[in-house]
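Could you take me around the pockets of this protein, step by step, in my viewer? I am new to it and would like to know what to select next and what I will find there.

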Amino acid sequence: MATISELSLSELRRDLHKYPEAGWKEFRTTSLIAEELDERGYTVHLGADAIDTDERLGVPNNDEIERARDRARDEGAPEPYLDQMSSVTGLIAEKTFGEKSGPVVGVRVDMDALEMTESSDAEHRPATDGFASCHPNEMHACGHDGHTTIGVGIARTLDVTDNFSGTIKLFFQPAEEGGRGGLPMSKTAHFTDIDHFIALHLGLGNETGTIIAGYERPLSNAKIDVEFHGESAHAGKAPNEGRNALQAATTAIQNLYAIPRHEDGATRINVGQVHSPNAQNVIADNAQMRVEVRGEAADLNEYMLDTANRVIEHAAGMHAVEYDTNLYGKTTTFEADTELVTVVADAAHSLGTVTNVVEREPIGASEDASYLIKRVQAEGGQATYIGVGASNPSGHHTSRFDIDEDALDIGVDVVIETLKQLSLTHSQQ
Ligand SMILES: [Zn+2]
Ligand SMILES: [Zn+2]
């Protein structure tokens, strides 16, 4: 492949869909986008210039990262940008249009895929049209291929639009799934001067033509990986000599689900995986589990996390095993600014392709754009998280997930129209 600049938006989305990259492995995606934006005159900040690497969560081991880089190279990632990235994915691209005195607007799109296998079912369009994932156990099942495409579409449209005067900063964020990339991106100096900030998501149950101007009430979330270390022993001859890590894990699981609900609001807990590969006649010396907690407010999430940690500690103590826990990822809550929500809603109303504008809707999920939004607001800027309906035939994070590609242009147009209105208001102040 030459460059992605020759691809239409739907062709680009299909290309990204075919070569999905899970969190912190987005080398091909990042470098191809960087190449086009560089050619368009954007200043591009890559890897450690776009991410506070010390704050990264849930990073795969070095071998996995190296394999992902090699694969990206084999699949057409341009070498100069791979070099600039070193082992860290992520891109921030900025460009000023018209007057320098215009507003600084940030737009965040995420780039990562999920670790799951895509359907080859005859009714699944990516499979029948030949753009289903060619990577085993990686799939764009949340629409982030579409988000990345919308980011590129915004850059392309701004190059041929006269009505925006100001600076655009495009944040191409890695590792949103699991809540791992938002926090380290939010810690960079690129957030100190943003007047208005928009994050967006396709789908989420809404039909094409619907725009949510301000999602609200995200759940605060934390994911932990736990490992119990015991002592193996012969299960027949000397079970008393073992220290059973699997028992500790199962004791923990029962009691994690028994954490009392909190009077102040909604909480969640889930154990998604438990693993202890031992024979029937061996006392298990090792067990691992993957746990997440959520709360509708940050302190409720903290309550769940603190209590979960206490349960794990004492389950380990009960079975005389050691344990360690690692924070895999986390998100917090946010509130969209009404003034900006109104601008987005007005912008959406002005578009012929938008048939339904909803000012506020609960998102019901968790999002690590929350850290970016909070940083912008802490620095005095305004932010919102918008929804772009995309008539998904199957739910997010399912093997037959797909998006209606008409939503790509709508997503671009809503942001461009919002940018124009912000620039106009700015010049009148
Ligand atoms: Zn997702
Ligand atoms: Zn998503």
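Here is a short tour of two pockets in this predicted model.

**Stop 1: the two domains.** Colour residues 4-218 and 334-428 as domain 1, then give 221-330, which is domain 2, another colour. Both domains give residues to the lining of the largest pocket, so this pocket lies between them.

**Stop 2: the centre of the largest pocket.** Select L114, E177, G178, K223 and H397, which are the closest to the pocket's centre among the 36 residues that line it. The space you are looking at has a volume of about 880 Å³.

**Stop 3: its walls.** Now show the strands β7 (220-229), β8 (267-275), β9 (286-295) and β10 (322-331), since each of these gives two or more residues to the lining of the largest pocket. If you colour the lining by class, you will find 13 nonpolar, 12 polar and 11 charged residues.

**Stop 4: the second largest pocket.** Its volume is about 320 Å³. To see what lines it, select G58, D225, V226, E227, Q273, Q288, M289, R290, D324, N326, L327 and Y328.

Which element gives the most to this lining? Keep your selection on and look at β10, which leads with four residues. At least two residues each come from β7, β9 and β10.

**Last stop: colour by class again.** The lining of the second largest pocket has four nonpolar, four polar and four charged residues.

Terms used: Residues are numbered from 1 along each chain as its sequence is written. Chains are lettered from A and ligands numbered from 1 in the order in which they are written. This is a predicted model: local features need pLDDT of at least 70, side-chain atom pairs count only at pLDDT 80 or more; totals for chains, interfaces and linings use all residues. Side-chain values use heavy atoms; hydrogens and water are left out. On a 1 Å grid over the protein atoms alone, a cavity is a set of points where a 1.4 Å probe fits but cannot get out, and a pocket is an open set with protein on both sides within 12 Å along at least five of seven lines; lining residues have an atom within 4 Å of a point. Grid points are joined across faces, edges and corners, and a volume is the space filled by probe spheres set on the points. Ala, Val, Leu, Ile, Met, Phe, Trp, Tyr, Cys and Pro count as nonpolar, Asp, Glu, Lys and Arg as charged, and the others, Gly among them, as polar. Domain bounds come from an automatic or database domain assignment.
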